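User: Could you take a close look at the cysteines in this one for me? I'd like to know how they pair up and where they sit.

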Amino acid sequence: FCPLINKVQVSGISTVTQFVLLGFPGPWKIQIILFSMVLLVYILTLTGNMAIICAVRWDHRLHTPMYVLLANFSFLEIWYVTCTVPNMLVNFLSKTKTISFSGCFTQFYFFFSLGTTECFFLCVMAYDRYLAICRPLHYPSIMTGKLCVILVCLCWLIGFLGHAITIFFISQLPFCGPNIIDHFLCDVDPLMALSCAPTPIIEYVFHFVSSLIIILTILYIIGSYALVLRAVLQVPSSAGRQKAFSTCGSHLAVVSLFYGTIMVMYVSPTSGNSVAMYKIITLIYSVVTPVLNPLIYSLRNREMKFALRQVICGIRIIQPS
């Protein structure tokens with residue numbers, strides 16, 4: 001197809017009113033196959049994460065900080081995929097593959113805000129495991145329900161404020177055309193490349209903030225689990241060590257999947273990567289990782305598996321009065 005560049009005249013300057021997301025170009029049959037695969041992954045992501053939320057909500061034995069954080073994390077994952085996948089599915093079946101200017105920057109903002117929130121959630125979950133394993137006697141008095149709520153609110157607040165200013169300034173840049181983004185979502189590098197008055201300072205600030213958040217949070221998580229590992233190795237019983245490793249192993253698997261891909265995208269140089277590789281890496285951390293999280297947490301946790309069976313069987317566990 002030959003996309004049209006929709007523009008309006010503002011003070012004699014043509015301004016783009018919509019962008020074209022090329023996505024994954026290919027024949028119609030390929031588009032149908034990709035649509036079916038992504039739709040299946042999206043449904044599984046919603047189902048798996050909703051099941052975890054329902055399990056935590058209905059099973060009173062899971063009303064602990066660890067599972068409350070997990071339920072909030074699942075809620076986050078639902079919105080994380082929803083800000084990109086529905087539009088991607090529409091574009092698979094669309095000939096124009098367009099997204100409005102405001103829609104593009106709305107997606108851009110929510111995608112990075114939710115991603116930043118996920119980084120901080122993983123930090124809080126690492127802190128929770130550190131307290132539970134390294135300071136078990138003080139855990140109930142430190143990780144109270146009030147502190148848990150405060151930490152959850154801080155994750156959302158910092159996540160949605162972290163990139164707000166830089167994304168606002170990027171949205172104020174003039175976009176005179178072309179308007180074709182060789183990607184399946186509105187990302188910072190493709191958008192900056194389309195600006196007809198590029199300002200490298202804004203782009204550098206954006207990447208600096210992103211890299212700072214990623215590096216600081218991953219260092220905190222690594223440090224927390226180094227202390228956890230040391231404490232676990234000192235546990236005398238093999239059953240205790242196995243339970244601790246099982247609980248922490250699921251969290252580390254999620255951290256490895258998420259951080260491994262975003263560090264390639266936003267910390268390490270990407271100039272040598274092809275556009276196809278750029279899309280695949282983004283697809284892994286934005287679509288594939290959220291569908292794996294429920295599987296990782298449920299398969300590695302006995303309490304969660306039992307609660308999920310109750311949800312699947314339609315048996316609601318009522319908290320005793």
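Analyst: Here's a walk through the cysteines, pair by pair and then the free ones. Keep in mind that this is a predicted model.

With sulfur atoms within 2.5 Å taken as a disulfide, the count comes to 2 disulfides. Number the bonded cysteines along the chain and the pattern reads 1-3, 2-4.

Start with C104 and C186, whose sulfur atoms are 2.0 Å apart. The torsion about the S-S bond is -125°, making this link left-handed. C104 belongs to helix 4 (residues 101-134), while C186 is in the loop between strand 5 (180-181) and helix 8 (188-194), so the bond ties together parts that are 82 residues apart in sequence. Both C104 and C186 are buried.

The other disulfide joins C176 to C196, with 2.2 Å between the sulfur atoms. This pair also links distant parts of the chain, 20 residues apart: C176 is in the loop between helix 7 (164-171) and strand 5, and C196 is in the loop between helix 8 and helix 9. C196 has a relative accessible area of 37%, so it counts as partly exposed.

Now for C119, which is in no disulfide: the nearest cysteine sulfur belongs to C123 and is 7.5 Å away. C119 is buried, because its relative accessibility is 3%.

Finally, C134 has a relative accessible area of 25%, so it's partly exposed. Its C-alpha is 8.8 Å from that of R230, although the two are 96 residues apart in sequence. R230 is found in helix 9 (residues 200-233), and with a relative accessible area of 55% R230 is exposed.

Methods
Residues numbered from 1 in each chain as written. Predicted model: local features only at pLDDT ≥ 70, side-chain atom pairs only at ≥ 80, totals over all residues. Heavy atoms only, no water. Helix = DSSP H or I, 4+ residues; strand = E, 2+ residues; numbered from the N terminus. Buried < 20%, exposed > 50% of the residue type's maximum accessible area, 1.4 Å probe, protein only.
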